Amino acid sequence: MSTDTTASVSTHILDTSIGRPAEGVAIRLAARGGRTADWQALGGSATDADGRCKDLPALPVGTTHVRLDFAVEQYFESHSEEKQADAQQDAPANRDSGAFFPEVAITFAVKPGEHYHVPLLLNPFGYSVYRGS
């Protein structure tokens, strides 16, 4: 939860290739206190059955930038039997893994006192992200 001196972050993932939440995606959280500051790894978690990650670590006071790293390659490899992307006309016949993007790293600016919900819409060949509510 955000306070007057800190921001807070939450996320969830929807696998648009199957129209369901993406369960079991590992997520790492890092923060820094300025554009030139070093990143500080804060820990991580994984998405639940609803595709949500409800237990991300709190951000330290002075955080100005946050990075979420989503380990999507492992998710697609472990769920390859559910995917029908290779059956699509224009899909590559063979891939080394279940995803074109092995990881998704999202970096964004934050302000103290605000909550940032960052949904990830994911499929094996692309993704989009936005500031949710």
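Strand E1 and strand E5, the latter made of residues 52–53, pair in the antiparallel sense over two bridges. In this pairing His12 has Arg52 of E5 as its bridge partner. The model is a predicted one, and the values given here are computed from it.

E1 is a convenient place to begin. The strand spans residues 8–15 and is mostly covered, with seven of its eight residues buried. Besides E5, E1 pairs with strand E2 (residues 20–21), again in the antiparallel sense and over two bridges. Asp15 has Arg20 in E2 as its bridge partner. E1 and E2 form a hairpin, and four residues lie between them. Gly19 sits in the turn of this hairpin and has a positive phi of about 70°. E1 also runs parallel to E8, and eight bridges join these two strands. One of the positions in this pairing is Ser8, whose bridge partner in E8 is His115.

From E1 the path leads to the nonpolar interior. The largest nonpolar core has 28 residues. Within this core, the residues with the most contacts are Ile13, Leu59, Leu68, Phe70 and Phe108. Two or more residues each are given to the core by E1, E3, E6, helix H1 (72–78), E7 and E8. E8 provides the largest share, namely four residues.

Several of these elements recur in a second arrangement of strands. An open sheet of four strands follows the order E4-E3-E6-E7, and its pairing is antiparallel. Strand E4 (40–46) and E7 each have a single partner strand and stand at the edges, so one side of each is left without a neighbour in the sheet. Averaged over the sheet and with direction ignored, neighbouring strands are turned by 20° against each other. Between E6 and E7, which run antiparallel, there are six bridges. Asp69 stands opposite Ala105 in E7.

Asp69 also leads to the charged pairs. Side chains of opposite charge can pair when their charged atoms come close. The model holds four salt bridges, counted with a cut-off of 4 Å between nitrogen and oxygen. In one of them the side chains of Arg28 and Asp69 meet, at 3.8 Å from N to O. Arg28 belongs to strand E3 (residues 26–32) and Asp69 to strand E6 (residues 65–71), so this salt bridge ties together parts that are 41 residues apart in sequence. How do the two partners stand with respect to the surface, buried or partly exposed? Arg28 has 47% relative accessibility and counts as partly exposed. Asp69, at 10% relative accessibility, counts as buried because the limit for that class is under 20%.

Asp69 has a further partner. The side chains of Arg67 and Asp69 form a salt bridge at 3.3 Å, again from N to O. Arg67 is partly exposed, with a relative accessible area of 22%.

Another salt bridge joins the side chains of Glu114 and Arg131, with an N to O distance of 3.2 Å. Glu114 lies in the loop between strand E7 (104–109) and strand E8 (115–123), and Arg131 lies in the segment after strand E9 (126–129), so the pair ties together parts that are 17 residues apart in sequence. Glu114 counts as partly exposed at 30% relative accessibility. Arg131 also counts as partly exposed, at 47% relative accessibility. Taken together with the pairs described above, salt bridges that share partners join Arg28, Arg67 and Asp69 into one network.

The last feature lies on the surface. Phe100, Phe101, Phe125 and Tyr127 make a nonpolar surface patch of about 380 Å². Among them, Phe125 is placed in the loop between E8 and E9. Phe125 has a relative accessible area of 32% and is partly exposed. This value fits its place in the patch, because patches are made of residues with over 30% relative accessible area.

Terms used
Residues numbered from 1 in each chain as written. Predicted model: local features only at pLDDT ≥ 70, side-chain atom pairs only at ≥ 80, totals over all residues. Heavy atoms only, no water. Buried < 20%, exposed > 50% of the residue type's maximum accessible area, 1.4 Å probe, protein only. Pairing = 2+ DSSP bridges. Axes fitted to C-alpha atoms, helices over the stretch in contact; angles between N-to-C directions. Patch = residues over 30% accessible without salt bridge, like charges linked within 9 Å, V, L, I, M, F, W, Y side chains within 5 Å. Areas by Shrake-Rupley, 256 points an atom, 1.4 Å probe, with all protein chains shown as cover. Core = buried A, V, L, I, M, F, W, Y, C linked by side-chain atoms within 4.5 Å.
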